[in-house]
Amino acid sequence: MIKPDPAFLSVHSVSKRFGGLLAVSDASFTVAEGSITGLIGPNGAGKTTLFAIVSGFEKPTSGNVLWRGEEITGRPPHLLARDGIARTFQIVQPFAGLSVRENIAVGAFLRHRRRAEAIAVAEQVAERVGLSRDLDKPAAALTVAGRKRVELAKALATGPKLLLLDEVLAGLNPSEVRDIVPVIRAIRDGGITVFMIEHVMQAVMNLCEAVHVLAQGRIIAGGTPAQVVRDPAVVEAYLGHGAATRLAGQHA
Amino acid sequence: MLNGLLTGAIYGLVALGLTLVYGVLHIINFAHGALLTLAMYAAFVAWKVFGLDPYVAILPLVPLFYLLGYGVQRYVIGPASRGEDSNILLVTLGLSIVIENMMLAIFRSDTLSVQVPYAMEVVELGPMLLGFPRVVGFGVAFVVALVLFVLLTMTDTGRAIRAVAKERTGAALVGINVNHVYAVTFGIGAACLAVAACLLLPFFYVSPRVGNAFVLVAFTIVVLGGMGSVPGALLGGLFIGVVESLSGLYFGDSLGQIGIFLIFILVLLFRPTGLFGAKA
Amino acid sequence: MSTRDLVPILVFAAVAALLPVFVTANTWLNFAVFTLIICLAAQGWNILGGYGGQYSFGHAAFFGTAAYATAILQVRYGVNPYLGFGFGIAAAAVVGWIIGALSFRSGLRGSYFALVTLAFAEVFRVLANASEMTGGAAGILIRLDVRPENFQFASRATFYWIALALVVAALVVTRALERSRLGAQLVAVRENESAARALGVDALQVKLSAIALSAAITGAAGALYAQYFLYLDANIAYGTWISVEALLAPIIGGAGTVFGPVLGGIILHGLSEFTKSLVGRIPGVDLVIFGILLIVVVRFPPREIPGLIRMWRGRR
């Protein structure tokens, strides 16, 4: 059997096959407690699939996921949420018929049975992500940036230890990104480990202490952001074959 | 048993329209049974008022129902549902309520039937005697299926329909008028019903709720044959026809239908993609 | 749930309770009781369909099960009708839970869920039509024996108040649901099931609770029907008509709102009486109008009438 891993979250040689397509192939990595860790990679690299596996929405074809030493592979999402793993979605999914307050309260109800408590928690969380003024609006009426915050707040309201963020910055303009980066950092400083898929490289460099790079379903590099961007394999994955040598040539 | 097979072909025809509409529009048409009822009343009126033999009535009724189906989809279901699954469900339910009860208001709840000279005639097939109307129904159902197949594969309209079924947005991008194609498909579905109604009439009764007896059967066939599959619908129809006659034989008339409902529930619960392995 | 949440319900209850004081004609009270029974059945549908977004086309399965359960217990086993009423509701809830467990576990939703519930109701109908226990096609008759302890009353007004009490109870339950964790989770599942699951909502469990509660309330309507009309057959108890009525009223009155089903029930049956007075008793005409109304309501959102009124007020 697999030995308990000291790491907070560890993924062991996970593969996922859809029909003939190998979306994720033998991926292994860890996320350290208290960190902000990033998962980056070009489009179609399998990031979202990997995320879906970690959050219980997909079962891996092979491999395991360990959470504080415990096997959680294939455990359904609602149980993972109870265990302290929450996620957001790339395409934000607010509950359209509900107000912002009620949206966040759905998350808060996980650990608070009573409505009054859940609402109170929801309001606190809204404060943390900067939604206090929008509490009574219907969630569907918010801007994209506002909805991203709701998405974040809903997940936070479940009281997670690990927060999985699926491209929470995508679709935002630079000033909106600048606004939300400190929010994410404050979440981590509040004791919640953050693991994020991200496309916006600038933000990744800024926020993450560790980065894993996925390309064509494989983890091709890992380390600090500075190490990763210098890695020729990463440059090739993003810019195409031979790009690394060409770039090196230019700089020489 | 063989009679079941023969009736099954007509079931298949009813299901054909349903599966076509599902395959292309991806909607479940609850009004399908009511449209069949309407077609049967139309055939009945054609016989009663104009003295048209039901088989002859196919000729005027097919274009009439094509137009009707076209109009209903284009001007009622399409705009009212605004593309939402649950709305389509409700709108087609509303349609079926309207049609069914209009028939009830006009013709009352009595069952009506036509008297044609050949209703009781039989065809000898080796040792077996088969009802003449059923044999005709069987034959025509296959002809219609064949015509439909040719229409879908050989004509421009058919190609447009299949394009829309496969990739709606793509089809719209290359200039296919999707709403038109939807309405055409719905029209073809209704035309199939017109044929089925004329084939049924010589050996079946008409009442405002007669379509209900067929609609669950048709749904069963469609899920059995795989949603959207034309050969699946015919095969499923034959299968269900046999099941019905067998379960009627074993359980008696009152319980006979239950076999179909149970198959329907089981297939939905365990094989929603159909037994004859349709597309995913 | 705070007292303020209950005020509109209490106002409704008080106003409605006064009706028999002004209206004494039996035909009108009959009409009122029947409308209340439909409202109750619709309130049940509203829990699962309105709040949960799972459109059942087969609520007759619950209506009929409770109706037959209370009638059979009373007629064949001499069980007290009040007790039988409770058993009927419980039986409906169990049937709801089982149908829910089978269909939700298989991941059926949308049109498929509608179809499978319709088929279940039809299975029940065919069985009830053939079984000895239910009296087969001849139906089952509860003996007339007018005694209050026998759930039979000399005055129709008494029955009206009982029906009203049940409708009010269902209003309170619905309001409480809205204010509860289950209610929030149910709406979340309706709006987006995977997003709800990510927030720790056990979607299957939530839907099962909803269908059991929904079935229980519609079951209460069925049991009430049996005790009021004292006769059942398969086409009444398990007929498509009740599935359709239970669905039409909330859709027209506002699905997923506390008062929607009651409002819709009153509108539909008021309309039906009105057409009868206009065109006479031509069968089906009222239903034609219901059908058209359904299409119109789906076509022109906002579908809730309170919403329309608010819009109309706003415009003035």
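Two strands are taken to pair if DSSP finds at least two bridges between them, and that criterion underlies the hairpin with which this tour of a predicted model opens.

**First stop: the sheet of chain A**

Select residues 9-18 and 21-31 of chain A, which are strands S1 and S2; S1(A) and S2(A) pair in the antiparallel sense over seven bridges. Between the strands of this hairpin there are two residues, and A:Gly19 takes a positive phi near 55° there. To follow the register, display A:Leu9, whose bridge partner in S2(A) is A:Val31, and then A:Val14, which stands opposite A:Ala27 in S2(A).

Next add residues 62-67 of chain A, strand S4, which runs antiparallel to S1(A) and is joined to S1(A) by five bridges. Here A:Ser10 is the residue to pick out, since A:Ser10 stands opposite A:Leu66 in S4(A). With the four strands shown together, the order across the open sheet of chain A reads S2-S1-S4-S5, and the pairing is antiparallel. The edge strands are S2 and strand S5 (70-71) of chain A, each of which pairs on one side only.

**Second stop: where chain A meets chain C**

Now show chains A and C together and select the contact between them, which takes 24 residues from chain A and 18 residues from chain C. On the side of chain A that touches chain C, helix H2 (77-83), strand S6 (85-87) and helix H3 (100-108) each supply at least two residues. Colouring that side of chain A by residue class gives 12 nonpolar, six polar and six charged residues. If chain B is then switched on beside chain A, no contact will be found joining chain A and chain B, whose closest C-alpha atoms lie 12 Å apart.

**Third stop: chain C as a whole**

Isolate chain C, which has 15 helices and two strands. The radius of gyration of chain C is 19 Å, close to the 20 Å that the globule rule gives for 316 residues, so chain C is as compact as a globular protein of that length. Taken along the principal axes, the C-alpha atoms of chain C fill a box of roughly 55 × 50 × 40 Å. Buried residues make up 54% of the 316 residues in chain C. Among the contacts in chain C between residues at least 6 apart in sequence, 76% join residues at least 24 apart.

**Fourth stop: where chain C meets chain B**

Bring chain B back, because of the two pairs of chains in contact, chains B and C share the most contacts. Their contact takes 33 residues from chain C and 36 residues from chain B. On the side of chain C that touches chain B, helix H5 (81-105), helix H6 (110-130), helix H12 (240-253) and helix H14 (285-299) each supply at least two residues, and H6(C) gives the most, with 13 residues. That side of chain C divides into 24 nonpolar, seven polar and two charged residues.

**Last stop: a helix pair in chain B**

Finally, select residues 132-154 and 156-166 of chain B, helices H5 and H6, whose axes come within 5 Å and cross at roughly 80°. An angle of 65 to 115 degrees counts as roughly perpendicular, and H5(B) and H6(B) are therefore roughly perpendicular to each other. Show side chains for B:Leu151, B:Leu152, B:Thr153 and B:Met154 in H5(B), which meet B:Gly158, B:Ile161 and B:Arg162 in H6(B). By class, this contact of H5(B) with H6(B) has four nonpolar, two polar and one charged residues.

Terms used: Residues numbered from 1 in each chain as written. Chains lettered and ligands numbered in written order. Predicted model: local features only at pLDDT ≥ 70, side-chain atom pairs only at ≥ 80, totals over all residues. Contact = placed C-beta atoms within 7 Å. Nonpolar A, V, L, I, M, F, W, Y, C, P; charged D, E, K, R; others polar. Axes fitted to C-alpha atoms, helices over the stretch in contact; angles between N-to-C directions. Parallel < 35°, antiparallel > 145°, perpendicular 65-115°, else oblique. Rg over C-alpha atoms; globule rule 2.2 N^0.38 Å. Buried ≥ 20, exposed ≤ 12 C-beta atoms within 10 Å, placed from the backbone.
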